[in-house]
Amino acid sequence: MLELIAEPLTADAFAPFGEVIDARTSASFPINAGRTQRHHDLATVQTLGENARPLISLFVSQPVTLPLELTFLERHPLGSQAFMPLHEERFIVVVAPPGESIDAADVRAFVTDGRQGVNYRAGTWHAIQSVLDREGEFLVIDRGGEGDNCDEYPLPMRIRLALA
Ligand SMILES: NC(=O)N[C@@H](O)C(=O)O
Ligand code: NI
């Protein structure tokens, strides 16, 4: 069993895995006669392969309980996947670098603060969505098209995840 303590999510710590989407820490410029600030191009949408196209979906998820036991991670080799909470929901992010295998020593765990979203880069191993505290509603932007875009990798050992 590997015990992981989720650390607060930051853009720098998450950089090897994708982008953090957060209006508080991103540059913006005024549009709409100054009534709106546009936080522009915060994450890269990747849609690879045959007939690939971006999908916009909503996920309504039931909360997980902690400590969370993880027995696998998944990846989307053909596209990125972004999750943005719509009601300041906190969620757990567990990731490992892209590659054909996962070393338990490389697995990282983060917890968001409710105002942050994430965009998993194509191929980044991650736990399936794990919202905390209450039912969550998320805007999800990922890839549709031909081919298998979801690989699962059984973790070499069970990972118990807890908050600090
Ligand atoms: N299956 C699906 O659309 N969601 C997962 O990829 C996930 O990361 O939650
Ligand atoms: Ni996914």
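Is D113 buried or exposed? Select D113 to find out: with 12 C-beta neighbours inside 10 Å, this residue counts as exposed. Keep in mind as you go that the model is predicted.

**Stop 1: around D113**

D113 sits in the loop between β9 and β10. Now add R90 to the selection. R90 is 23 residues away along the chain, yet the C-alpha atoms of the two residues are separated by 5.4 Å. Leaving out residues up to four places away in sequence, D113 touches P8 and R90.

**Stop 2: strand β10**

From the loop, move on to β10, residues 117-120. Colour G117 and N119 for one side, and V118 and Y120 for the other. Both faces of the strand are covered, and these four residues are all buried. In a regular strand the side chains alternate between the two faces of the sheet.

Next, bring in the partners of β10. Strand β2, residues 18-21, runs antiparallel to β10 and is joined to it by four bridges. To see one of the pairs, select G18, whose bridge partner in β10 is Y120. Strand β7, residues 81-85, also pairs with β10 in the antiparallel sense, over three bridges. Here the pair to pick is A82, which stands opposite N119.

**Stop 3: the open sheet**

Keep β2, β10 and β7 on screen and add β13 and β5. How many strands form the open sheet? Five do, in the order β2-β10-β7-β13-β5, with antiparallel pairing. The edges are β2 and β5 (53-61), each of which pairs on one side only. Look along the sheet and you can follow its twist, which averages 15° from one strand to the next.

Zoom in on β7 and β13 within this sheet. The two run antiparallel and are joined by four bridges. F83 is a good residue to click, with V140 of β13 opposite.

**Stop 4: strand β14 and its partners**

Now select β14, residues 151-163. Strand β1, residues 2-8, pairs with β14 in the parallel sense over five bridges. One residue to show there is L2, which stands opposite I159. Strand β6, residues 68-75, pairs with β14 as well, but in the antiparallel sense and over seven bridges. For that pairing, select L68 and its bridge partner L161.

**Stop 5: the nonpolar core**

Leave L161 selected and add I92, V93, V94, F110 and V118. These are the residues with the most contacts inside the largest nonpolar core, which has 30 residues. The elements that give two or more residues to this core are β2, β6, β7, β8 (91-96), β9 (108-111), β10, β13 (136-144) and β14. Which element gives the most? That is β8, with six residues. In soluble globular proteins, nonpolar side chains tend to be buried together.

Centre the view on V94 for a closer look. Setting aside neighbours within four places in sequence, V94 is in contact with L70, L73, V107, A109, H126, A127 and L161.

**Stop 6: ligand 1**

H126 leads on to the ligand. Around ligand 1 you will find E74, Q81, H126, I128 and Q129. By class, this shell has one nonpolar, three polar and one charged residues.

**Stop 7: the loop between β4 and β5**

Q81 brings you to Q46, which lies in the loop between β4 (36-38) and β5. The C-alpha atoms of Q46 and Q81 are 8.3 Å apart, although the residues are 35 apart in sequence. Why does Q46 count as buried? Because there are 20 C-beta neighbours inside 10 Å, and 20 is the number at which a residue becomes buried. Beyond residues up to four places away in sequence, Q46 touches G79, S80, A122 and R143.

Stay in this loop and select D41. D41 counts as exposed, with 10 C-beta neighbours inside 10 Å. N51 lies in the loop too, and is exposed with 9 other C-beta atoms within 10 Å. Check the backbone of each: phi is near 55° in D41, a positive value in a residue other than glycine, and phi of N51 is near 55° as well.

**Last stop: a cis peptide bond**

Finish at P67, in the loop between β5 and β6. The peptide bond from L66 to P67 is cis, with omega near 0°. Most residues other than glycine have a negative phi, and most peptide bonds are trans.

Terms used. Residues numbered from 1 in each chain as written. Chains lettered and ligands numbered in written order. Predicted model: local features only at pLDDT ≥ 70, side-chain atom pairs only at ≥ 80, totals over all residues. Pairing = 2+ DSSP bridges. Near = placed C-beta within 6 Å. Nonpolar A, V, L, I, M, F, W, Y, C, P; charged D, E, K, R; others polar. Core = buried A, V, L, I, M, F, W, Y, C linked by C-beta atoms within 7 Å. Contact = placed C-beta atoms within 7 Å. Axes fitted to C-alpha atoms, helices over the stretch in contact; angles between N-to-C directions.
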